[in-house]
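Open your viewer and let's take a walk together. At each stop, I'll suggest what to select and tell you what is there.

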There are 2 protein chains.
Amino acid sequence: MNLRELSTLLGLSQTTVSRALNGYPEVKEATRLRVTAAADKHGYHPNTRARSLATGRAMTIGHVIPVSTKHEMLNPVFADFIAGAGEAYAEAGYDMILSLTPDDQQAGVYRKFAQKKSVDGIILHGPRMGDKRIDMLADLGLPFVVHGRVSDAAKPYAWVDVNNRRAFARAADFLIDLGHQRIALINGLEDMDFALRRREGFETALTARGLTPLPHLMASSEMTEIKGHAAAAAMLGGPNPPTAILTSSLISALGVRRAIEERGLTMGREVSVITHDDVLGYLPNGADVPIYTATKSSVRAAGQTAAKMLLDQINAPQSPLPTKLLEAELTVGQSTGPAPK
Amino acid sequence: MNLRELSTLLGLSQTTVSRALNGYPEVKEATRLRVTAAADKHGYHPNTRARSLATGRAMTIGHVIPVSTKHEMLNPVFADFIAGAGEAYAEAGYDMILSLTPDDQQAGVYRKFAQKKSVDGIILHGPRMGDKRIDMLADLGLPFVVHGRVSDAAKPYAWVDVNNRRAFARAADFLIDLGHQRIALINGLEDMDFALRRREGFETALTARGLTPLPHLMASSEMTEIKGHAAAAAMLGGPNPPTAILTSSLISALGVRRAIEERGLTMGREVSVITHDDVLGYLPNGADVPIYTATKSSVRAAGQTAAKMLLDQINAPQSPLPTKLLEAELTVGQSTGPAPK
DNA sequence: GGTGTCTTTCAAAGCGCTTTGGGTGAGGGG
DNA sequence: CCCCTCACCCAAAGCGCTTTGAAAGACACC
């Protein structure tokens, strides 16, 4: 069923039917009702491709997910972020197209998106230090919102980000208040912008309280159970082991806990652990009482606000570039306690 | 830059330019080179919407991801599956559109996809017992491939699935060979088709070897660390505790291990564990020597083959419906050992 | 009855591409 | 020299929709 068939069926012109369905005022209420009823009955939905060709709007948002060529790994937060964004799109009648792209082909993908006119806007994931994608996208004139920030971008841009610096500073402060002196940081890969900010927050808090960040108590690697375990095991087995550990993700924290228990220690007693928690649906941090003390910030919520911001940009291109800093909340669980005397 | 501009720039007709770019034989090799060079230089890519309107092919595949309305949870395997599928699409020049859809709105989404002509085919995720989506899609006449199977579908359909029954039977056999008698199953939610098959395989293997599957040693819940821990803790703390546990996912297995160690036991000695491992990128099971004995089957690879099957279906609609059963490999790690005397 | 103002409807153009159905000129055979 | 066949290129239709510009009808007012 297409517009022509529907209109001849109704004995009306395509114009009238189209206007009736799209809510234009030039059509009598009675006819509108007749039209919508018929459309419903025959399950008529306008052909997306024809419609976007005519309107110039794709009603589609592109997500470009970087796939590391080195590790072939997909950051598990994307799934939740996209779930959040998807809700916003569904509500606004937008579709989402996903492009898994190796690091080195990113630029081309954005250009193609712009030239093929297949999306009205883009969400940029996983920004890195000195990411050149931002300036490129700004030049393309395609609205976009970044999940995260790039510290040294030349042009202004729209973004949604967690206040990583403050979150990790607060977590460190909390541990220091508990009397901990040797605090370790098990961070994500520090070519990611968010990881850098976390370290900055961590170091700032320590020095502000008169402590010196110790190199042997700072690790940076992929955020997996294995790597978390390895880093923690090395630190706990080395000289001057930490009494507290800050971790960048719940998955690493699982490994850290394993390393602690392997040494016959108890998390929350001999060694305290605070983790950042992206609140992923399949990795709940405790049910009632949270197990891990954590800086919580829902990635899903971030996805939702990023999507809404992008849609706003698309509908009002002249408005100033929106930015949104999400604060993580520090929830206390059973993984922290006073420093052993 | 659009086709008209490009063609006047070259002093050729749109027809010739289009043909040159699309590899038709009616154009001299010299002109083709001239055309492609100009297209490259100006970064010309045909407008997707116009092209698909003209050809009738969307060059897009739809993935409908069910979002449980109850738990609001997104199965983490989707990310890896989609990464695999994405590779296949990128290679074939297809786009992927994602629709996160609450359970109860699935039907509508498929209908819309079909009517709006926005996709050429669909991949169906997370099939359940008695899933009605299959018959519906078959009626719509849109090519589709199911990730998983539906035991009681009325019509034939294309699918890719792991041989869950055999995988779990082999795992159980392996444990029985090691002398285990009280073997537990910590399964996923059993309204999912794959979970049911796993239980069938488990029970079949036990009875074939003269053992009786015990209700108190079979649990079924979401596959999270927390739930895995809870189920294992209950079993190990109850009467007639298991000496071996079969688990449906690596994430649950982490919880199971935690429960074991909490009781002062050692995984692989007092209690053996075998898990199914979907080989997710961010959850590697050991680096060199695998930690967990596991039935391994890469979800990413499944995504890739599913995507290829779908593209084949689209290009040759008359060919018989393809199906592909992937065998899981049983890799031995440190989490299993002979039954304690 | 003529004029003007709304309201309601329509015909047709246009979005950017592919594809059908020629057309033109060069080369070869009779 | 004429005709036929290729090789190469082009004009125009059509994909299904939105939107512009205009026409037709209804109504009121003078």
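The tour goes from one whole chain to a DNA strand and ends at a pocket.

**Stop 1: chain A as a whole**

Before you start clicking, please keep in mind that this is a predicted model. Select chain A and show it as a cartoon: you should find twelve helices and twelve strands. Now turn it about. Along the principal axes, its C-alpha atoms fill a box of roughly 85 × 45 × 35 Å. The radius of gyration of chain A is 25 Å, whereas a compact globule of 341 residues would have one near 20 Å. If you colour chain A by accessibility, 55% of its 341 residues count as buried.

**Stop 2: around DNA strand D**

Next, select DNA strand D and everything within 4 Å of it. This brings up 27 residues, and the closest are A:Leu3, A:Ser18, A:Arg19, A:Tyr24 and B:Arg19. On the DNA side, sugar and phosphate make up 56% of the atoms of strand D that come within 4 Å of the protein.

Which helices should you highlight here? Helix H2 (14-21) and helix H4 (48-55) of chain A, along with helix H2 (14-21) and helix H4 (48-55) of chain B, each supply at least two residues of this surface. Colour the surface near strand D by class and you will see ten nonpolar, twelve polar and five charged residues.

**Stop 3: three phosphate contacts**

Stay with strand D and show sticks for three residues of chain A.

- A:Tyr24: a polar atom of its side chain lies 2.4 Å from a phosphate oxygen of DNA strand D.
- A:Asn47: here a polar backbone atom is 3.2 Å from a phosphate oxygen of strand D.
- A:Arg51: an N or O atom in its side chain is 3.1 Å from a phosphate oxygen of strand D.

**Stop 4: the largest pocket**

Now hide the DNA and look for the largest pocket, which holds about 1,200 Å³ of space. To find its centre, select A:Ile97, A:Lys116, B:Gly93, B:Tyr94 and B:Asp95, the nearest to it among the 47 lining residues. Two or more lining residues come from each of these elements: H4, strand E1 (60-67), strand E2 (95-102) and helix H6 (106-116) in chain A, and H4, helix H5 (77-92) and strand E2 (95-102) in chain B.

Which element gives the largest share of the lining? That is E2 of chain A, with seven residues. For a last view, colour the lining by class: 18 residues are nonpolar, 17 polar and twelve charged.

Note on methods:
Residues are numbered from 1 along each chain as its sequence is written. Chains are lettered from A and ligands numbered from 1 in the order in which they are written. This is a predicted model: local features need pLDDT of at least 70, side-chain atom pairs count only at pLDDT 80 or more; totals for chains, interfaces and linings use all residues. Side-chain values use heavy atoms; hydrogens and water are left out. A polar contact is a pair of N or O atoms within 3.5 Å; within protein, one must be able to donate a hydrogen and the other to accept it, and residues adjacent in sequence count only if both atoms are side-chain atoms. Helices (H or I, at least four residues) and strands (E, at least two) are DSSP runs, numbered from the N terminus. Ala, Val, Leu, Ile, Met, Phe, Trp, Tyr, Cys and Pro count as nonpolar, Asp, Glu, Lys and Arg as charged, and the others, Gly among them, as polar. On a 1 Å grid over the protein atoms alone, a cavity is a set of points where a 1.4 Å probe fits but cannot get out, and a pocket is an open set with protein on both sides within 12 Å along at least five of seven lines; lining residues have an atom within 4 Å of a point. Grid points are joined across faces, edges and corners, and a volume is the space filled by probe spheres set on the points. The radius of gyration is taken over C-alpha atoms; the globule rule is 2.2 Å times the number of residues to the power 0.38. Buried means under 20% relative accessible area, exposed over 50%, partly exposed in between (1.4 Å probe, protein chains only).
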